[in-house]
Amino acid sequence: MEFIEKVRLMDASAIQRALARMASEIVERNRGVANLVIAGIRRRGVPLAERIADAIEKLEGARPQLGVLDITLYRDDLSLVAPKPVINATAMPDDLTQATVVIVDDVLYTGRTIRAALDALFDLGRPRRVQLAVLIDRGHREVPIQADFVGERIPTKATEIVKVMVASIDDAEQVIIVEPAPTGSGESTA
């Protein structure tokens with residue numbers, strides 16, 4: 001499927017500024033880094049979580065623990081994803097009992113990805129508190145999920161797609177809105 005770029009929302013500098021601001025808000029709300037776990041959802045949530053942890057370390061002189069959540073088996077659309085979905089490792093601290101876990105993802109849309117992440121997280125333990133940080137909140141919720149820390153709130157149409165690109169995965173660093181290219185009208189020009 002072909003896509004047409006409609007607008008560039010963020011470049012590399014804007015992404016970095018948003019993540020630094022979110023890191024500051026996370027530290028302020030949690031009064032430091034004690035018992036703090038920053039957990040990225042695979043794929044793009046992981047490098048964003050690492051950058052937030054880097055920014056927190058710069059601010060506080062101490063790095064929060066990092067975690068990685070693979071939600072593949074927790075998705076409610078697993079049968080639509082692929083006939084044989086690829087499952088990657090989840091890596092979280094062993095004891096979450098006293099932890100505040102900040103789940104990090106690139107885009108908050110329907111809320112279903114976050115619901116799956118919560119299911120995956122609670123299968124690993126019962127954290128004291130769970131918070132959500134997203135780079136982009138685009139609206140259109142289907143389940144009652146709300147982010148605690150947001151880089152940008154961008155109202156979108158349902159037909160639009162918000163693409164977050166990070167250098168470690170996409171060889172580019174930007175956030176854009178795209179739409180499917182219109183298909184031919186079916187008329188012949190001959």
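**Two open sheets and the packing of helices H1 and H2**

An open sheet of 3 strands, with antiparallel pairing, has the order E1-E8-E7. Strand E1 (3-10) and strand E7 (161-165) stand at its edges and have a single partner strand each, so one side of each is left without a neighbour in the sheet. Direction ignored, neighbouring strands of this sheet are turned by 30° against each other on average. The model described here is predicted.

Within this antiparallel sheet, E1 and E8 are joined by 6 bridges, and Phe3 has Pro180 of E8 as its bridge partner. On the other side of the pairing scheme, 5 bridges connect E7 with strand E8 (residues 174-180), again in the antiparallel sense. Two of the residue pairs can be named: Ile161 is the bridge partner of Val178 in E8, and Val164 is that of Val175 in E8. Strand E8 is largely enclosed by the rest of the structure, because 6 of its 7 residues are buried.

A second open sheet contains 5 strands in the order E3-E2-E4-E5-E6, and here the pairing is parallel. Its edges are formed by strand E3 (65-69) and strand E6 (149-153); each has a single partner strand, so one side of each lacks a neighbour in the sheet. From one strand to the next, the twist averages 25°. Strands of a sheet pair through backbone hydrogen bonds, in either a parallel or an antiparallel arrangement.

Strand E2 pairs with two strands of this parallel sheet. It is joined to E4 by 5 bridges, with Leu36 standing opposite Thr100 in E4. E2 also pairs with E3 in the parallel sense, over 5 bridges, and the partner of Ile41 in E3 is Leu69. E2 is mostly covered, 6 of its 6 residues being buried. Leu36, Ile38 and Gly40 point one way from the strand, whereas Val37, Ala39 and Ile41 point the other way; all are buried. Towards the E6 edge, strand E5 (residues 129-137) runs parallel to E6 and is joined to it by 4 bridges. In this pair, Ala133 has Phe149 of E6 as its bridge partner.

Helix H2 (residues 45-60) packs on the parallel sheet, where it touches strand E2 (36-41), E3, strand E4 (100-108) and E5. The direction of H2 makes about 155° with that of E2. Helix H1, in turn, lies across E1, E7 and E8 of the antiparallel sheet and runs at about 50° to E1.

The two helices also meet each other. The axes of helix H1 (residues 12-30) and H2 come within 8 Å and cross at roughly 60°. H1 and H2 are therefore oblique to each other, and H1 passes H2 in a right-handed crossing. On the H1 side, the contact is made by Ile15, Gln16, Leu19, Ala20, Met22, Ala23, Ser24, Ile26 and Val27. On the H2 side, Leu48, Arg51, Ile52, Ala55, Ile56, Leu59 and Glu60 take part. The residues of this contact divide into 12 nonpolar, 2 polar and 2 charged. H1 thus has contacts with the strands E1, E7 and E8 as well as with H2, while H2 has contacts with E2, E3, E4 and E5.

How values were computed
Residues are numbered from 1 along each chain as its sequence is written. This is a predicted model: local features need pLDDT of at least 70, side-chain atom pairs count only at pLDDT 80 or more; totals for chains, interfaces and linings use all residues. Side-chain values use heavy atoms; hydrogens and water are left out. Two strands pair if DSSP finds at least two bridges between them. Axes are lines fitted to C-alpha atoms, for helices over the stretch in contact, and angles run from 0 to 180 degrees between N-to-C directions. Contact means heavy atoms within 4.5 Å. Angles under 35 degrees count as roughly parallel, over 145 as roughly antiparallel, 65 to 115 as roughly perpendicular and the rest as oblique. A crossing is left-handed if the near helix is turned anticlockwise from the far one by less than a right angle, and right-handed if clockwise. Ala, Val, Leu, Ile, Met, Phe, Trp, Tyr, Cys and Pro count as nonpolar, Asp, Glu, Lys and Arg as charged, and the others, Gly among them, as polar. Buried means under 20% relative accessible area, exposed over 50%, partly exposed in between (1.4 Å probe, protein chains only).
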